[in-house]
Amino acid sequence: MSDPLPEILAAEMDLPCGDVQETAGFFTERLGFLLHAIYPADDPAVAVISGYGVRLRLVRGLQADPGTLRLLGPADRAPLTAPNGTQVEFGPADPWPDIPDGRQSFCYMPPPGQGGWGQGRAGMQYRDLIPDRWGGRFIASHIRIPTGGPVPDYVHFHKVRFQMIFCYKGWVRLVYEDQGEPFVMKAGDCVLQPPEIRHRVLEASDGLEVVEIGCPADHPTHVDHILPLPTDYLRPERDFNGQAFVFHQAAKADWAPWTAQGFEARDLGIAAATDGLATVRVVRRTAGEPGRIESAPEFHFLFGLHGTGRLTVEGQDPVTLTEGASVAIPGGLAVDFDAGAPFEFLEVLL
């Protein structure tokens, strides 16, 4: 990418119009724009106006779409139509995404084959683990970077209700706002990204694979051009919109009995950091007859890490949860396991 030209001071966008004075008057009188130039004086054909960071050139007789102008601030104003046909809409300056009510569905995804990966931002490849995204309420992504090295990422953040990243294979170097120097997340480790925490992916190993869960499914990536990372302050207990940052390291984890007999789990600390909103665990088979669980009311997701197990979800045909396979389960259903050791999976529930 070439460097911006240093002699460029501003940018203008052309909009068509019929009566230049009438259209310019609408923008200046109704919307508070400033008039910079109008010419020729005896029969105005061009007017230059600016406001709210936008500079417009109104050109009489120009053959072009009059377009839509979105003004950000109080969003309780009705849309307007300028004399030239430009639609003026009003929206919130810093909106949070809507969280759809959603619709639950049973969704089983087998392990990835050669295809099924789409190209995402910053050189990352994505595989959608819940294609219907439960009506837009949840997204589960299997993400990989086949060839390691520096990642062309930038400081960014997300307005989300919930977002976590679990390292499935390889390693990735990350840096987070107020969490100290960059660190390496290895296979089995996990981070909780609380709402609006600034962060950046710096470097990855060959064959990096992670699982990312988010709510809602559709949430923008906001770029922060000002805040440098790492930040000067170390504030690991900082509250980000009611949640705390979590970096769970598998090597330091303790194991305890799981919900069902015949299994044990390590808790990733996300329940405590989200005040009970979400629970994330890695579960593995131990000894004894495997028991039954009931799926969580809002969201219950399993992703196979090691070995193979067979799941029977109430009302569904049995499915095989092997490495790289996943299943999203509607709430309140009985889930039975038929598995021997080794069998290990990631569990995310809300």
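For sorting pocket linings by class, Ala, Val, Leu, Ile, Met, Phe, Trp, Tyr, Cys and Pro count as nonpolar, Asp, Glu, Lys and Arg as charged, and the others, Gly among them, as polar. Every view below shows a predicted model.

**View A. The largest pocket, lined by 27 residues.** With the classes above in hand, here's the split: the lining has 15 nonpolar, seven polar and five charged residues. The volume of this pocket comes to about 480 Å³. If you want its centre, look for Arg121, Met124, Tyr126, Ile143 and Glu212, the lining residues that lie nearest to it. Several strands chip in at least two lining residues each: strand 11 (139-145), strand 13 (156-158), strand 15 (171-176), strand 18 (199-204) and strand 19. Strand 11 gives the most, with five residues.

**View B. The second largest pocket, with about 190 Å³ of space.** Its walls are made by Arg30, Leu31, Tyr52, Val54, Leu69, Arg70, Leu71, Leu72, Gly73, Pro74, Arg77 and Phe90. Two elements, helix 1 (20-31) and strand 5, give two or more residues to this lining. Strand 5 has the largest share, four residues. By class, you get eight nonpolar, one polar and three charged residues.

**View C. An open sheet of three strands, in the order 5-7-6.** The pairing here is mixed. Strand 5 (68-72) and strand 6 (80-81) are the edge strands, each pairing on one side only. Strand 5 runs parallel to strand 7 (residues 87-91), and five bridges join the two. Leu69 stands opposite Val88 in strand 7, while Leu71 has Phe90 as its bridge partner there. Three of these names turn up in view B as well: Leu69, Leu71 and Phe90 help line the second largest pocket.

**View D. The hairpin formed by strand 6 and strand 7.** This is the antiparallel part of the sheet, with two bridges between strand 6 and strand 7. Leu80 has Val88 of strand 7 as its bridge partner, and Val88 also faces Leu69. Five residues sit between the two strands, and Gly85 in the turn has a positive phi of about 100°.

**View E. The largest nonpolar core, 32 residues in all.** Phe162, Met164, Ile213, Phe299, Phe301, Leu346 and Val348 touch the most other members. At least two core residues come from each of strand 8 (107-109), strand 14 (162-169), strand 17 (190-192), strand 19 (208-215), helix 2 (270-273), strand 24 (279-285), strand 26 (300-313) and strand 29 (334-349). Strand 14 supplies the largest share, four residues. Zoom in on Phe301: setting aside neighbours within four places in sequence, its contacts are Leu129, Ile130, Ala140, Val211, Ile213, Ser326, Val327, Ala328, Leu346, Glu347 and Val348. There's also a second, separate core of 20 residues, and Ala325, Val327, Val335 and Phe343 are among its members. As a rule of thumb, nonpolar side chains in soluble globular proteins tend to be buried together.

**View F. Ala253, in a loop between two strands.** The flanking elements are strand 21 (246-248) and strand 22 (256-257). Ala253 counts as buried because its relative accessible area is 19% and the cut-off is under 20%. Beyond its neighbours within four places in sequence, Ala253 is in contact with His248 and Arg266. For a sense of scale, take Asp153, 100 residues away along the chain: 30 Å separates its C-alpha atom from that of Ala253.

Definitions and conventions:
Residues numbered from 1 in each chain as written. Predicted model: local features only at pLDDT ≥ 70, side-chain atom pairs only at ≥ 80, totals over all residues. Heavy atoms only, no water. Pairing = 2+ DSSP bridges. Buried < 20%, exposed > 50% of the residue type's maximum accessible area, 1.4 Å probe, protein only. Contact = heavy atoms within 4.5 Å. Core = buried A, V, L, I, M, F, W, Y, C linked by side-chain atoms within 4.5 Å. 1 Å grid on protein atoms, 1.4 Å probe; cavity = no way out; pocket = protein on both sides within 12 Å on 5 of 7 lines; lining within 4 Å. Points joined across faces, edges and corners; volume = space filled by probe spheres on them.
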